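Open the model in your viewer and show it as a cartoon. The tour below goes from one selection to the next.

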Amino acid sequence: MTTLALPTRRDEDFRYSDIEALAAVWPVAREEIVVVAGASDSREIVETGTGTVARHLVVTLEAGARFDLRVLSAGPAFGRVAIDVTLGEGADFTLGAAQLATGAQTLEIVTEVSHAGPNATSRQVVRTVLAGHSTGTYLGRIAVDRGADGTDAEQSVRAMLLDRTATANARPELEIYADDVKAAHGCAVGELDANGLFYLMSRGLPPADAKRLMLQAFIAEAFAGAPGAEALSERALARLEEIL
Amino acid sequence: MLQITDLHATVADKPILKGLSLSINAGEVHAIMGPNGAGKSTTGYVLGGRPGYEVTGGTVQFDGQDLLELEPHERSAAGLFLGFQYPVEIPGVSFVQFLREAANAQRKGRGEEPLSGGEFLKLAREKAGLLKMDMDMLKRPVNVGFSGGEKKRAEMVQMGILDPKLAILDETDSGLDIDALRIVGEGINAIMRKPDKAVLLITHYQRLLDYVKPDFVHVLAGGRIVRSGGPELALQLEHEGYEAVTA
């Protein structure tokens with residue numbers, strides 16, 4: 001049951017949210033997506049407007065279904081994309097998400113990936129670039145049910161801080177009740193490699209171009225392998241240039 | 001072309017260069033040799049403008065400009081090339097993409113038209129050929145997965161594309177096998193041995209100097225040049241060691 005009450009920051013899933021902004025769009029409608037047994041589907045969520053955005057996708061992947069979801073969140077003052085995915089036997093889920101924020105923006109991606117059947121695979125790649133006083137969050141829970149042996153679940157979460165005043169939150173969580181499970185998660189918050197920047201600049205690239213080039217590559221990791229990878233990267237780049 | 005006068009520099013507040021003076025004219029090849037810790041790499045980085053290398057005294061004039069006033073990319077646009085001892089890996093950024101942007105940024109700085117994709121590839125292919133480097137390698141991410149020798153050859157390809165007036169090459173010979181050393185040496189000669197260009201080789205060993213014949217050899221010790229001479233000085237160093245020569 002979905003509660004209609006506005007969450008508070010005491011609710012773990014909304015711990016870093018801009019509740020005031022959220023109130024304006026609450027309650028958030030659930031967007032149901034079902035990919036039937038053996039079928040493949042893909043979807044893009046691109047939020048480049050400046051208004052508040054809150055979305056909640058509820059995805060059911062039947063046995064052997066494949067779903068490729070790409071998210072570009074780059075613009076909203078508050079942008080939240082929550083994704084709940086349930087994978088049946090042998091299903092495959094890919095999430096590639098990029099968040100770009102500056103000023104006082106708050107962007108977040110909250111995922112709950114449930115491996116309900118055996119031999120399902122999930123891969124999440126989230127790349128966040130934060131400037132100014134912005135906040136970027138990834139909360140990702142992976143649940144592997146009893147009997148979901150052969151699960152292969154992967155989370156790769158990286159955030160890049162362009163200013164020391166920005167904040168990145170990352171909380172990967174694993175809850176595993178099966179025996180034969182491969183679950184990998186990598187999580188890193190960092191700054192642009194100073195050696196790399198100097199190297200590029202020493203070859204004639206102005207600082208903003210050197211940063212853009214390095215960040216472009218960083219963001220592209222979220223869109224690698226997507227049908228619309230090039231268009232997504234271009235839209236991300238447009239925002240990146242504004243931020244730099 | 002380059003006049004370094006009484007240069008003092010610190011790294012993390014530790015004085016490394018203590019009164020370095022050196023003058024390089026167009027058409028000349030100079031070699032700076034010296035023991036570990038003498039300040040060789042610091043010299044390269046200070047001239048390249050690396051953050052963290054603080055100049056505390058002295059002046060550097062490059063082609064009539066105050067080099068120390070310029071940002072690293074402005075130094076590059078002015079015609080300075082710094083070849084790295086340890087070229088940096090940049091995942092996800094291809095050589096071709098990066099070098100075309102770099103070349104065009106420099107051209108823009110000089111008020112020239114940018115190179116088209118086709119023009120750039122032609123230039124890159126020509127310079128890669130000089131260094132016997134497969135063009136496909138330049139489509140890969142910058143230095144990622146390259147061997148030490150391949151990285152150094154890629155540095156020279158970049159130098160060829162950027163066509164600098166002055167190349168400062170920091171231990172470009174390290175990590176090279178005998179064949180690669182010859183290829184790199186010949187590449188340096190082909191690209192830089194011209195009347196309007198100059199080279200500053202920073203090296204431990206004589207071996208690169210067999211291919212790129214220096215006009216002047218300087219011994220750097222304790223952050224300053226303690227001895228200068230012709231090519232024979234490098235041979236003497238090789239035979240007698242730094243201690244004997246600098247004593």
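In this predicted model, start with what lies over the buried residues of α4(A): the cover includes β2 (40-47), β4 (66-73), β6 (92-101), β8 (121-130) and α3 (207-223) of chain A. Now select helix α4 itself, residues 229-243 of chain A. Its buried residues are Ala229(A), Leu232(A), Ala236(A), Leu237(A), Arg239(A), Leu240(A) and Ile243(A). Check the length too: at 1.5 Å a residue, the 15 residues should span 21 Å, and the end C-alpha atoms are 21 Å apart, which agrees.

Next, keep α3(A) and add helix α3 of chain B, residues 95-109. The two axes come within 11 Å and cross at roughly 165°, an angle over 145, so α3(A) and α3(B) are roughly antiparallel. Their crossing is right-handed. Show side chains for Asp209(A), Arg212(A), Leu213(A) and Gln216(A) on α3(A), and for Gln97(B), Phe98(B) and Glu101(B) on α3(B); these make the contact. Coloured by class, they give 2 nonpolar, 2 polar and 3 charged residues.

Last, go to chain B and select α4 (residues 117-130) with α5 (residues 148-162). What is the angle between these packed helices? It is about 130°, with the axes 9 Å apart, which makes α4(B) oblique to α5(B). This crossing is right-handed. From α4(B), Phe120(B), Leu123(B), Ala124(B), Lys127(B) and Ala128(B) meet Val157(B), Gly160(B) and Ile161(B) of α5(B). By class, the contact has 6 nonpolar, 1 polar and 1 charged residues.

Methods
Residues numbered from 1 in each chain as written. Chains lettered and ligands numbered in written order. Predicted model: local features only at pLDDT ≥ 70, side-chain atom pairs only at ≥ 80, totals over all residues. Heavy atoms only, no water. Helix = DSSP H or I, 4+ residues; strand = E, 2+ residues; numbered from the N terminus. Expected span 1.5 Å × (residues − 1). Buried < 20%, exposed > 50% of the residue type's maximum accessible area, 1.4 Å probe, protein only. Contact = heavy atoms within 4.5 Å. Axes fitted to C-alpha atoms, helices over the stretch in contact; angles between N-to-C directions. Parallel < 35°, antiparallel > 145°, perpendicular 65-115°, else oblique. Left-handed = near helix turned anticlockwise from the far one by under 90°. Nonpolar A, V, L, I, M, F, W, Y, C, P; charged D, E, K, R; others polar.
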